[in-house]
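Subject: Structure for you to look at

Hi there,

Here is the structure I promised to pass on. Please open it alongside this note, and have a look around before you read on.

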Amino acid sequence: MAKQVLASERKKQITIRGLGGLVGMENVSGLKLGFNRHLHFTLVKDRNVATMRDYYFALAHIVRDHLVGRWIRTQQYYYDKDPKLGLDIEELEEIEDDAGLGNGGLGRLAACFLDSMATLGLAAYGYGIRYEYGIFNQKIKDGWQVEEADDWLRHGNPWEKARPEYVLPVYFYGHVQHTKDGVKWIDPEVVLAIPYDTPVPGYLNNTVNTMRLWSAKAPNDFHLHHFNVGDYIQAVLDRNLAENISRVLYPNDNFFEGKELRLKQEYFVVAASLQDIIRRFKSSKFSCKDTRSCFDSFSDKVAIQLNDTHPALAIPELMRILVDIEKIDWDQAWNITKNTFAYTNHTILPEALERWPVGLFEKLLPRHLEIIYEINKRHLNSIETFYPEDNQRLRRMSLIEEDGEKKINMAHLCIVGSHAVNGVAKIHSKIIKDQVFKDFSDIEPAKFQNKTNGITPRRWLLLCNPGLASLIAEKIGGDYIKDLSQLQKLHAYVNNDQFIRDVASIKQENKVKLASLLEKDYGIQINISSMFDVHVKRIHEYKRQLMNCLYVIVMYNRIRKEPSKNFVPRTVIIGGKAAPGYYMAKLIIKLITSVAQKVNNDPIIGNKLKVIFLENYRVSLAEKVIPATDLSQQISTAGTEASGTGNMKFMLNGALTIGTMDGANVEMAEEAGEKNMFIFGMKVQDVMDLDKKGYNASQYYERIPELKEVIDQIASGYFSPNQPELFRDILNMLFHHDRFKVFADFESYISIQEKVNQLYQNPIEWTKIVIKNIASSGKFSSDRAITEYARDIWGVEPKFLKIPAPTDSKDTSV
């Protein structure tokens, strides 16, 4: 939105063209008046001194003003109607303007889901931590990733509203006493959770839901009682120990880091959010009239979705509240808890699954450890009735792992404490049911479901690709933005010459815009006739950016050997962040940037091949890259990517997919037809068979000449002449402990790339398949995903109603 406010250096004039319709203001003149009012009275600036940031804040405030009435009206509507609260506890969310409060796809998925819940009229709340420093900013220096702090709040945040009146206490440490009056948590340390609310507007329905982020603050007496007057300064400084909880996001994606601060963060968001949920439940008109049966209807009114295991502590925390505070007996409390929670699993990588040391729990959350032990005892007793004397099964299914240091398996806790468990793509859900959690699904098969991920078309088409969104609306009408399945109507235009030209023209316009940005930022002349070949996601061995890089070297070698031969030009764009402690991922970035340096400066190569590593890949950059992409790389080893959502964004925006049968790629192939994607490589069963047989990378190296040449070049220091041994650890991994089998799929990858080249040389046929993919992408809307969660798990029905606008008094259907 802010990008449509343009400041002229010479005249200091503001153009707000088109914003009237965008934000639903009645007229542009009213918008201008509000804009000037905020510029003058909120920011205390005039146009002689205002900066572009001031203009952005003035615009943000006027848009927020427009939302506030609807925000209040939405909450009034929920209070009056008392619908079931489809609460989505998220560890983190990523919000507009790159408030990097999420890690990789999980944070971005949460934002899509919040958008859909508001659009579908669900009484939903998103909870997370208001990190002072979000996901780090990535700088590339001498080809290496360097992390810089993301001080995203340094200029303030115009979208949030602090709610200090709802401050809540969260407790840590201390010890437990069992008394005749019940269990007491004695002498804990208190940290205050201060909520900050951000409006989440639905699409054209006047609904504005709430995302509530918690900030940690020490109470005024924090640690003061431990010190005499002479230690007053130190006592105040020690407040940082409490406030560090919301200081910084752990930037690990698909890797568990068992740090005490991380466990504090997980409990902090859970404890504050549950108190808030219960407060709202108790204040409802239809709840708690009789305190004795107050919580009987809790799970009828509240649904809490655990997105991965990060909020798993919500299970023992709700049990603690019900048993210790509300004095409900264990069996009833457990029934309420199980019926309230549902668990979404987002990864099967062993290193990503959370396992917390019992000793750390005992120190930080002593009562919760007791509750988990009790849950586990009753759980194992139940299992034993099904499988008497099967000690191996009991060991596998226990919440407590006893091999070496005792640890709590948080995924097992989530499964046992939830009434539903789901994966996020059909193939992923099958793997968790048949392999990862087979023992559990054998006993409760009906508990396990699939809910394929989705993306919001509002951000990932309407906002980021307005040209394509408008063209589609011309052909099939604008209702598809709320019902993406209507894209199927585009199949009728696959052979329409004008539509083919229009789709190709919009793609080219987007490529020109991106090329201009890349040339400005990287100083590299981009061939806009080249295929834009894009691979953007977190840098991780399983996502196999390495395989892509090896193929870039193959292309480089081919051009150098036969420079006069016809070659389909490519601009290869790779981007993503590596976790700061992930050495191999950082070395992979260095290899990519080293190859790029060689390729981009070789006069023989010219404009046939360019390689760019995007610095600091993030949402706002994705919104420019995705609409301009021709080829989307989704090449993870089969059975490792839970779903992916980038693959869906590219498909919706007219890129063709080169990918393995992994995650949601499988369903994309079902929807579009496998022949309309570039599918290669092993399937899940092939990978399992190879594991049983034994994977020998050297066999592929000796058998595939172009692979051998590439590996030998890297080994010789061709891409690192000043440090010939620089990439030795990558080669050692590829040959001796590559869990993700890059060499095994490489020949198939090279082969399918030839089909990519052949099709790209026929622009009309390429665009026809692009149209088929767009027309087949309707399934991958987050509206569809959330509708399935609502109906199958939360027990609520989406309401396609408009809440009355602040100036209106009647409900109208959308």
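Below are my notes on a sheet, one residue in it, and a helix.

Before anything else, please keep in mind that this is a predicted model.

Let me start with the sheet. It is open and has six strands in the order β22-β21-β20-β23-β24-β25, with parallel pairing. At its edges are β22 (609–614) and β25 (678–679), each of which pairs on one side only. If you zoom in on the β22 edge, you will see β21 (residues 570–575) running parallel to β22, with six bridges between them. Thr-571, for instance, has Lys-610 in β22 as its bridge partner.

Two helices pack on this sheet. Helix α19 (residues 497–522) touches β20 (531–536), β21 and β22, and its direction makes about 75 degrees with that of β22. Helix α20 (residues 545–561) touches β20, β21, β22 and β23, and its direction makes about 155 degrees with that of β21.

Now for a residue I enjoyed looking at: Gln-633, in strand β23 (residues 631–634). Its relative accessibility is 0%, so Gln-633 counts as buried. What does the side chain of Gln-633 pair up with in a polar contact? The partner is the side chain of Tyr-749, at 2.6 Å. Beyond its neighbours within four places in sequence, Gln-633 is also in contact with Gln-753, Ile-658 and Asn-548, and with Asp-533, Val-534, His-535 and Lys-537.

The last stop is helix α31 (residues 782–794). Although α31 has 13 residues, its end C-alpha atoms are only 16 Å apart, whereas a straight helix would reach 18 Å at 1.5 Å a residue. Helix α31 is largely enclosed by the rest of the structure, because 10 of its 13 residues are buried. Among the buried ones are Arg-784, Ile-786, Tyr-789, Ile-793 and Trp-794. The cover over them comes from several parts of the chain, including helices α4 (104–119) and α17 (457–463) and strands β13 (302–307), β14 (341–344), β18 (421–423) and β19 (448–450).

Both ends of α31 are worth a click. At the N-terminal end, Ser-781 acts as a cap, with a side-chain oxygen 3.0 Å from the backbone nitrogen of Asp-783. Just after the helix, Gly-795 takes a positive phi of about 70 degrees.

Happy to go through any of this together.

Best wishes

Key. Residues numbered from 1 in each chain as written. Predicted model: local features only at pLDDT ≥ 70, side-chain atom pairs only at ≥ 80, totals over all residues. Heavy atoms only, no water. Helix = DSSP H or I, 4+ residues; strand = E, 2+ residues; numbered from the N terminus. Expected span 1.5 Å × (residues − 1). Buried < 20%, exposed > 50% of the residue type's maximum accessible area, 1.4 Å probe, protein only. Contact = heavy atoms within 4.5 Å. Polar contact = N/O pair within 3.5 Å; in protein donor to acceptor, adjacent residues only side chain to side chain. Pairing = 2+ DSSP bridges. Axes fitted to C-alpha atoms, helices over the stretch in contact; angles between N-to-C directions.
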